[in-house]
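Work through the exercises below with the sequence and the 3D view open. Try each task before you read its solution.

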Amino acid sequence: MVLTQTDRGSSSSLKSLEPKEFRPLKVFFLSSDTGGGHRASAESLGVQFETIFPGSTYSLLDLTKFQSANAVESYKHLSSHPKQWNVVYKVSNSRLGVGILKTYTKITTEKALRQTLKEADPDVVISVHPLMCNTPVYSCSKISAETGKHLPMFTVVTDLGSGHTTWFEKGVEKIFIASDSIRNIALKRGKVPANKLIMSGLPIRKDFATQASYIGKSRDSVQAKVHQENMRDQLQLSKSEGNENHKIILLMGGGEGVGSLSSIVECIYSELTLAHMNATIVVVCGRNDKLKTSLKERNWDEVLASYINRTKDMKDRVSHGLKEIASMTKRTLSLRSEHEKGEKSDRNHIQKGENTEEDEQGSNVIVHPLGFVNNMAEYMVASDILVTKAGPGTIAEAAAVGLPVLLTSFLFGQEEGNVDFVLEKKFGAYKADKNPREIAETVSSWLQNPSLLSEMSKYALEAGRPNAAEEIVRKIGKSVIRWKESHPEDNVKGLNHQVSQVSC
């Protein structure tokens with residue numbers, strides 16, 4: 001699928017012989033819509049090529065279109081069935097599985113890919129998908145041998161903390177990576193020479209680099225605070241009238257709006273209301289129109305009442321359990337003390353439930369559902385906390401603008417390392433979406449601890465690489481141009497081959 005299309009004309013082959021640092025380039029991306037992150041990475045890089053090397057064009061090919069199986073539908077099915085995904089991922093990432101994958105891909109796609117690349121005649125090929133590295137390397141080398149024109153290929157790994165072995169092919173020019181964990185996998189599993197690995201960060205949309213420049217080194221600076229308020233005004237997420245401490249929580253469930261978003265929203269709404277907070281819960285529902293409509297029409301008073309009743313029932317069961325344990329053990333006095341403390345906490349909490357109207361007077365929690373969002377950078381800047389699944393692109397975007405992250409789910413194997421990345425970099429935590437109440441309690445706790453949020457925000461900015469896409473493009477572009485300038489005969493050979501093909 002072509003994203004941007006411009007014909008530079010046949011005269012470009014002659015102009016390319018002239019030394020020029022920022023000449024136009026024709027870029028060919030290999031990706032797939034198995035998850036939104038791969039395409040987003042390709043587009044972020046493509047935009048940078050158009051900006052840094054004016055006149056450049058880029059196109060994107062999904063290699064799986066040459067195969068009979070529908071990879072996109074298979075991905076959607078597996079990603080919504082974690083246990084099946086775990087089995088498939090582990091088997092495919094074994095030594096035998098990798099060999100079978102490479103063989104199958106080469107048999108089903110290589111000839112069609114090589115023909116497509118010949119027709120497109122790009123200056124450089126870039127893979128942003130693990131299943132589109134091995135066969136394309138082979139195709140590029142065959143084209144170079146057939147045409148006499150060197151066709152370089154680069155890989156940009158779009159995973160943060162863990163990556164499939166098929167990412168790492170030694171035949172590419174360079175592999176751009178985002179973490180030490182990925183470097184270790186490349187060296188140990190992929191056997192990639194260290195000099196081919198470049199630590200760059202994950203390529204994200206240009207909007208995030210722009211927003212990061214306004215934030216600077218701290219979200220607590222006057223400049224950053226003013227910019228955040230401007231973003232809230234622009235997005236119509238302004239604070240409650242007369243309240244200077246209005247908080248924004250951003251919830252995301254991926255492009256399809258998957259996950260336990262509905263239950264999580266209800267629990268966060270209830271916890272914040274009971275804590276007398278003023279907040280807006282922005283819910284990005286993606287393509288899930290049903291969820292968006294449901295959140296708009298929901299009776300939030302009933303949601304709160306139901307939450308309070310469930311809390312009371314749960315406390316009663318815990319209290320009863322403690323009594324039983326106390327009567328059956330020798331530690332009666334110790335357990336009785338704990339039980340009495342629990343009962344006191346119960347009474348306080350239940351009293352809140354008995355006086356719901358009084359609680360609501362001291363709080364103002366708004367649920368603001370959205371569909372598919374294109375200005376995510378602005379929403380992240382406007383927010384205080386991000387609650388999301390462990391997608392690598394989303395995590396990298398949040399880090400770029402210093403936004404603390406609460407992760408709620410991940411795909412086994414592929415995204416496990418992303419959770420580790422956030423925890424090791426200290427700008428977030430993980431709470432499983434199977435327990436939305438615990439997620440809500442964590443959000444409430446964070447919002448009531450400004451120093452903790454500031455600390456996590458600082459660590460996020462340290463981990464962020466908002467200019468990664470620009471840095472990657474500059475390195476690839478200059479490398480390709482240097483080769484062209486030092487091997488002008490390549491351009492002549494390539495032009496002669498095109499002429500001979502037309503003559504035939």
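The exercises go from the whole chain to its sheets, helices and single residues.

This is a predicted model: local features need pLDDT of at least 70, side-chain atom pairs count only at pLDDT 80 or more, and totals for chains, interfaces and linings use all residues. Residues are numbered from 1 along each chain as its sequence is written, and side-chain values use heavy atoms, with hydrogens and water left out.

**Exercise 1. The whole protein**

State how many helices and strands the protein has, and what share of its residues is buried.

Solution. Step one: take the elements. Helices (H or I, at least four residues) and strands (E, at least two) are DSSP runs, numbered from the N terminus. The protein has 21 helices and 12 strands. Step two: take burial. Buried means under 20% relative accessible area, exposed over 50%, and partly exposed in between (1.4 Å probe, protein chains only). Of the 504 residues, 50% are buried. Step three: take contacts, meaning heavy atoms within 4.5 Å. Among contacts between residues at least 6 apart in sequence, 72% join residues at least 24 apart.

**Exercise 2. The sheet with strands 1 to 6**

Give the strand order of this sheet and find its edges.

Solution. Start with the rule: two strands pair if DSSP finds at least two bridges between them. Six strands form an open sheet in the order 2-1-3-4-5-6, with parallel pairing. Strand 2 (57-62) and strand 6 (197-199) stand at the edges; each has a single partner strand, so one side of each lacks a neighbour in the sheet. Next, the twist. Axes are lines fitted to C-alpha atoms, for helices over the stretch in contact, and angles run from 0 to 180 degrees between N-to-C directions. Neighbouring strands here are turned by 25° against each other on average, direction ignored.

Now zoom in. Strand 3 (residues 124-127) and strand 4 (residues 153-156) pair in the parallel sense over three bridges. Val 125 stands opposite Met 153 of strand 4. Helix 7 (residues 180-188) packs on the sheet and touches strand 5 (175-177) and strand 6; its direction makes about 175° with that of strand 6. Helix 20 (residues 468-486) lies across strands 3, 4, 5 and 6, at about 170° to strand 4.

**Exercise 3. Side chains of strand 4**

Which residues of strand 4 point one way, and which the other?

Solution. Recall the general rule. In a regular strand the side chains alternate between the two faces of the sheet. Met 153 and Thr 155 point one way, and Phe 154 and Val 156 the other. All four are buried.

**Exercise 4. The second sheet**

Give the strand order of the sheet that holds strand 9, and name its edge strands.

Solution. This open sheet of six strands has the order 9-8-7-10-11-12, and its pairing is parallel. The edge strands are strand 9 (364-370) and strand 12 (428-430), each pairing on one side only. The twist averages 15° from one strand to the next. Strand 8 (residues 278-284) runs parallel to strand 9, joined by seven bridges. Val 284 has Leu 370 of strand 9 as its bridge partner. Helix 16 (residues 392-400) lies across strand 7 (247-252), strand 10 (385-388) and strand 11 (405-407), at about 175° to strand 10.

**Exercise 5. Two helices**

At what angle do helix 10 and helix 18 pack?

Solution. Helix 10 (residues 261-274) and helix 18 (residues 436-447) pack at about 45°, with axes 8 Å apart. Angles under 35 degrees count as roughly parallel, over 145 as roughly antiparallel, 65 to 115 as roughly perpendicular and the rest as oblique. The two helices are therefore oblique to each other. Residues making the contact include Ile 264 and Leu 272 of helix 10, and Ile 439 and Val 443 of helix 18.

**Exercise 6. Two loop residues**

Are Lys 191 and His 276 exposed or partly exposed?

Solution. First, the background. Most residues other than glycine have a negative phi. Lys 191 has a positive phi of about 55° although it is not a glycine. Lys 191 sits in the loop between helix 7 and strand 6. Lys 191 is exposed, because its relative accessible area is 55%. His 276 also has a positive phi, near 60°. The loop between helix 10 and strand 8 holds His 276. With a relative accessible area of 37%, His 276 is partly exposed.
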